[in-house]
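I opened the file to look up two things: what surrounds the ligand, and how some of the helices pack. My entries follow in that order.

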Amino acid sequence: MLKKQELITAFRQVYGEATDLKAYFAPGRVNLIGEHIDYSGGHVLPCAIEQGTYLLIKGRDDQSIRGYSDKYADQGIIHSDLGDTEFRAGRGWFNYPVGIVDLMKKQGCSFNHGFDCFVTGTIPEEAGLSSSASLELAAAFAIKELYGLKQDKKELALLAHRVENDFIGVKCGFMDQFAVALSKAEYALLLDCRNLNYEHVPLCFDRVALVIIDSGQKRALAHSAYNERRKSCEEALALLQLHRDIDFLCDLSVKEFQHLELLLEDPVMLRRARHAVTENARVLQAVLELRDGSLAQLGQLMEESHRSLQVDYEVSTPELDLLAALARKHEACIGARMTGAGFGGCTVNLVVKDEVDVFIDYLAGQYHRETGEEFSYYISAAADGVKPVPLV
Ligand code: GLA
């Protein structure tokens, strides 16, 4: 956690004064298992992490809305007002809070004065840890509180998801916004993406740390490759729907899919659909293992998930494959896989808490020996979703 006084001082340095300030924190997320199936009606099992976005906000007397992010200090204070909440490329990161205001306005919320906000954070962008969902939810929660609006966290997650899809233009599934909004410390969030029902699944991680290894690879071409994967799944679904009454690919069990797979003549489409169906089954199994306290089995399922993402879904990279494979060889590692959209980004590793330092030294050494590269890393526990940060 960043220190309260540092946050207040940082706000004051930008805006001159810092009275009546409110602060909020929205985490990033890792996905334990259930990758690339939120848009195929699957189950996903993410949790929030301790790293995330802080947003400080203060009401104004006029109609201006202004934002400053210390990640983009070179852009200075970005100005807009309540009457001008269109997407504008020149607004950069501030489009996220502006998009939240815009959608809330369209939903009938009334704003009779503007605000100043200040953003800082502890997660890198483009690392696959949901920095944008984190910013969206920090802004949505802060704005709701500032104006005394009544949306609950699920409504805010839906709103943020719409901003990401329709305002920013990134066609993502529901997982990230739900994880950032609704996670609970020491639990994973089991989200059923067919109907958006969710429940919290206790993680028996007293002696386990989440170690997130950032390959540092920029996720080049990630957006177009992501959309291609979605399209393949939609096409596979359309073909299967000619023979079966299903709404989503993940409505099929693995057995049912095996009976139908001959219908998918295109081998690429077949592999994409097989990933979706088998990954959904792995999530349901993972929840049973967690409820049984069988961490070794969970680790096994994470390994299978990684392999499916590597071979069938083709969203991994050689670096992520290497990081996961090396990690698994260490005795302190219970499970390792790529996490998030892939094409770069991070692996998530379940590591025996007392052995985290030894594990990281080992992995850094081996990775450097094989690639000449270094990685950055984050250590976390499963954390709470978006929440206020007391400043007094
Ligand atoms: C990104 C998207 C999510 C999900 C994951 C892959 O994080 O935003 O909706 O599809 O990729 O599981």
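I count a pair of N or O atoms as a polar contact when they lie within 3.5 Å. The model is a predicted one, and I kept that in mind for each entry.

Entry 1, polar contacts. I looked up Asp176 and found an N or O atom of its side chain 2.6 Å from an oxygen atom of the ligand. That pair is a polar contact, because 2.6 Å is within 3.5 Å. I then checked Tyr226, where a polar side-chain atom lies 2.6 Å from a ligand oxygen. For Arg29 I read 3.0 Å between a side-chain N or O atom and an oxygen of the ligand. How much of the ligand does the protein bury? I noted 92% of the 310 Å² that the ligand exposes when taken alone.

Entry 2, the shell. I listed the residues around the ligand: Arg29, Glu35, His36, Asp38, Tyr39, Cys172, Gly173, Met175, Asp176, Tyr226 and Ala341. Sorted by class, they give 5 nonpolar, 2 polar and 4 charged residues.

Entry 3, helices. I took α3 (residues 131-146) with α5 (residues 175-182) and found that their axes come within 9 Å and cross at roughly 50°. α3 and α5 are therefore oblique to each other, and I recorded their crossing as right-handed. Next I took α2 (residues 95-106) with α3; their axes come within 9 Å, crossing at roughly 50°. I therefore entered α2 and α3 as oblique to each other. The crossing in which α2 passes α3 is right-handed.

Key: Residues numbered from 1 in each chain as written. Predicted model: local features only at pLDDT ≥ 70, side-chain atom pairs only at ≥ 80, totals over all residues. Heavy atoms only, no water. Near = heavy atom within 4 Å. Polar contact = N/O pair within 3.5 Å; in protein donor to acceptor, adjacent residues only side chain to side chain. Areas by Shrake-Rupley, 256 points an atom, 1.4 Å probe, with all protein chains shown as cover. Nonpolar A, V, L, I, M, F, W, Y, C, P; charged D, E, K, R; others polar. Axes fitted to C-alpha atoms, helices over the stretch in contact; angles between N-to-C directions. Helix = DSSP H or I, 4+ residues; strand = E, 2+ residues; numbered from the N terminus. Parallel < 35°, antiparallel > 145°, perpendicular 65-115°, else oblique. Left-handed = near helix turned anticlockwise from the far one by under 90°.
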